[in-house]
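Hi there,

Here is the structure I promised to pass on to you. Please have a look at it first, and then read my notes below.

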Amino acid sequence: KLDKNQYDFGNVEEGKLVEVKIGLKNTGKGVLEIQDVKTSCGCTAAVVSNNSIKPGQVGSIKVDFDTKNRSGRNSKSITIVSNDTKEPNKVITIYADVQKN
């Protein structure tokens, strides 16, 4: 279970690197194995705190968005691939309104 499936950075100055940490909790009965984390763009990076999360334990996903050479409304997605039988592909969407200097 994710703290949030979406995050909006709001207005961001072009050229800035912004980041958010999103909590992740294993609400299942088995160990949650994060197999891969994919981003929709090279301007976005995502790192999981732990690839193996025991039942009841929490982790996080740190998402960085580089606004360099981006302008206007941006929408990027991060896909978490795991051994979760109900939702093996969980998607987080981030948004930012990038303002030119």
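A word on terms before the pocket comes up: strands here are DSSP runs of E, at least two residues long, and they are numbered from the N terminus. Please also keep in mind that this is a predicted model.

**The chain as a whole**

There are eight strands and zero helices in the chain, so the pattern along the sequence reads β-β-β-β-β-β-β-β by the DSSP runs. Along the principal axes, the C-alpha atoms fill a box of roughly 50 × 20 × 20 Å. The chain has 101 residues, and 37% of them are buried. Of the contacts with a separation of 6 or more, 62% are between residues 24 or more positions apart.

**The largest pocket**

Which strands help to line the largest pocket with at least two residues each? They are β2 (17-25), β3 (32-39) and β7 (72-82). The volume of this pocket is about 490 Å³. Its lining counts 21 residues, and those nearest the centre are Lys1, Asn26, Thr27, Leu32 and Asp84. By character, the lining splits into seven nonpolar, seven polar and seven charged residues.

**Asn26, one of the residues nearest the pocket centre**

Asn26 sits in the loop between β2 and β3. Is Asn26 buried or exposed? Its relative accessible area is 5%, which is under the 20% cut-off, so Asn26 counts as buried. The side chain of Asn26 reaches the backbone nitrogen of Gly28 at 2.8 Å. A polar atom of that side chain also lies 3.5 Å from the backbone oxygen of Lys54. If neighbours within four places in sequence are left aside, Asn26 is in contact with Val31, Leu32, Ile53, Lys54, Pro55, Gly56 and Gln57.

**Two cysteines**

You may wonder how many disulfides the structure holds. The number is zero. For background, a disulfide is a covalent bond between the sulfur atoms of two cysteines. Cys41 has a relative accessible area of 16% and is buried, and Cys43 is buried too, with 10%.

**Three more residues to look at**

- Ser40 is in the loop between β3 and β4 (44-48). With a relative accessible area of 44%, Ser40 falls between the cut-offs of 20% and 50%, and therefore it is partly exposed. Ser40 and Ser77 are 37 residues apart in sequence, yet their C-alpha atoms are 5.4 Å apart in space. Not counting residues up to four places away in sequence, Ser40 touches Lys76 and Ser77.
- Ser60 belongs to strand β6. Ser60 is buried, because its relative accessible area of 18% is under 20%. Beyond its neighbours within four places in sequence, Ser60 has contacts that include Lys21, Ile22, Gly23 and Leu24, and also Val47, Val48 and Ser49.
- Asn69 is found in the loop between β6 (58-66) and β7. Its relative accessible area of 62% is over 50%, so Asn69 is exposed. The phi angle of Asn69 is near 60°, a positive value in a residue other than glycine.

If you would like a place to start, try Asn26 in the loop between β2 and β3, and then turn to Ser40 and its contacts with Lys76 and Ser77.

Best wishes

Conventions:
Residues numbered from 1 in each chain as written. Predicted model: local features only at pLDDT ≥ 70, side-chain atom pairs only at ≥ 80, totals over all residues. Heavy atoms only, no water. 1 Å grid on protein atoms, 1.4 Å probe; cavity = no way out; pocket = protein on both sides within 12 Å on 5 of 7 lines; lining within 4 Å. Points joined across faces, edges and corners; volume = space filled by probe spheres on them. Helix = DSSP H or I, 4+ residues; strand = E, 2+ residues; numbered from the N terminus. Nonpolar A, V, L, I, M, F, W, Y, C, P; charged D, E, K, R; others polar. Buried < 20%, exposed > 50% of the residue type's maximum accessible area, 1.4 Å probe, protein only. Polar contact = N/O pair within 3.5 Å; in protein donor to acceptor, adjacent residues only side chain to side chain. Contact = heavy atoms within 4.5 Å. Disulfide = S-S within 2.5 Å.
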